[in-house]
Structure formats: C-alpha cells, structure tokens
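Open the model in your viewer and keep the sequence panel in sight. The tour below says what to select at each stop and what is there.

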Amino acid sequence: MFNKTFVLIISVIFILTTVGCNNVSDENDEAIPKKESNGLNWEQSPLFESGKYTMIGEEGRLGFIYDDDDEVVKFYPNKKQKYMWHFWGEEEEFDGVLKVIGTHENDAEEIYVTGGGLGGPNNGADKHAPSNMSLPKSGMWKLDAYIGENLLGTVYVKVHKK
C-alpha cells in the first residue's frame, strides 16, 4: 500500500511539474521575438527622418544618413563611403570617442569599422560624427556603436553583392 501511494504522489508531482513548465515556456515564447540561431535578429534597421535627411538606425538614439535606394550610399563589399553618424542622449553618455565594431551574420569575428571624436548638435541630433566606412563582404552586418566603453546602440545594414 505504501509503495502505491508513494508512486502515485511522485507521479502527480511529475505531471504537475511538467505541465507547469510547459505553460511558463509557452507564455515566454510569445514574448520573445523569433531570432536566428546565433541569438540576433538579422534584419536591416528601419529608416527614419531627422532634419531633412533619411537615416538608418534606432530613431531617437543613433543612426547615420543612409537611403538603401540611393546607389551612392548603398553598401557594397570593400566600397569606402562617407557616412554621418548622429546620436541622441544625455551629455554624460557622450564622454569618450566613437568606436564602431562590425560583425557579419555568418562570422563571429568582429572588425573595427570606424571611430573618432564627436561633434556637437546636427540635423536634430545631440551629437554627430563624420565617418568613412567599408565592409568587406556582402550579407547582413551588425554595427555596434560605442562611445568610450559603453554600447550606445546597434545598426543592422545590408551589404549588397557587386
């Protein structure tokens, strides 16, 4: 009798634990955006307007002048082009120099893309920085923009095939 009661209690605990875990997992799955296997969402960042320019990035946080329909500023492998970065935030966030690190969607290696000092307000942003950028191969790239040691934000761009 004791063995049957013990087995029944263990079975009930197992079933309740399994059902409880599944319910929690289902709720969390709905809240988490679907991502690629490497944990990142490799979609090009949205375009937005600031001043009289179209930019790509995180509106109200960071971006650079860009229009994917414009052949002059479109990214192609190893094509160096001028881009004007713009940043929004609190003054203390801008203590340091800009450093942009790029990562290709199919390669974990990080590369230095550009960097330098920050200028004052421009085109509606709190700070700006002119840059020359070139990315070595086609595909999606994640550009992490650091000011000093702090990550200010990320911009995803597509490098088109030649």
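**Stop 1: the ring cluster**

Select Phe64, Tyr66, Phe75, Tyr83, Trp85 and Phe87: ring pairs link these residues into a cluster. Bear in mind that this is a predicted model. By the pairing rule, the count of aromatic pairs comes to 10.

Begin with Phe64 and Tyr66, an edge-to-face aromatic pair whose centres are 6.0 Å apart, with 75 degrees between the planes. Are these two side chains buried or exposed? Phe64 has 0% relative accessibility and so counts as buried, the cut-off being under 20%. Tyr66 is buried as well, because its relative accessible area is 1%.

Now keep Phe64 and add Tyr83. The ring centres of Phe64 and Tyr83 are 5.4 Å apart and their planes stand at 70 degrees, so this pair is edge-to-face. It links distant parts of the chain, as Phe64 lies in strand E3 and Tyr83 in strand E4, 19 residues apart. Both Phe64 and Tyr83 are buried.

**Stop 2: around Phe75**

Select Phe75 and display its surroundings. Which residues are in contact with Phe75, leaving aside neighbours within four places in sequence? They are Phe64, Tyr66, Tyr83, Met133, Leu135, Val157, Lys158, Val159 and His160.

**Stop 3: the nonpolar core**

Widen the selection to the largest nonpolar core, which has 24 residues. Phe64, Phe75, Trp85, Phe87 and Val157 are those with the most contacts inside it. To see where the core comes from, colour strands E3 (62-65), E4 (81-87), E5 (98-104), E7 (127-133), E8 (139-147) and E9 (150-159); each supplies at least two residues of this core.

**Stop 4: a charge over a ring**

Select Lys99 and Tyr146. The charged end of Lys99 sits over the ring of Tyr146, 5.5 Å from the ring centre.

**Stop 5: the E1-E2 hairpin**

Move to strand E1, residues 47-50, and strand E2, residues 53-58. The two strands run antiparallel and are joined by 4 bridges. Within this pairing, Glu49 has Thr54 in E2 as its bridge partner. E1 and E2 form a hairpin with 2 residues between them. Select Gly51 in the turn: this residue has a positive phi of about 60 degrees.

Finish with the side chains of E1. Which residues make up its covered face? Phe48 and Ser50 do, while Leu47 and Glu49 are on the uncovered face. In a regular strand, side chains alternate between the two faces of the sheet.

Definitions and conventions
Residues numbered from 1 in each chain as written. Predicted model: local features only at pLDDT ≥ 70, side-chain atom pairs only at ≥ 80, totals over all residues. Heavy atoms only, no water. Core = buried A, V, L, I, M, F, W, Y, C linked by side-chain atoms within 4.5 Å. Buried < 20%, exposed > 50% of the residue type's maximum accessible area, 1.4 Å probe, protein only. Contact = heavy atoms within 4.5 Å. Pairing = 2+ DSSP bridges. Phe/Tyr/Trp six-rings, centres within 6.5 Å; stacked < 30°, edge-to-face > 60°. Lys NZ or Arg CZ within 6 Å of the ring centre and 35° of its normal.
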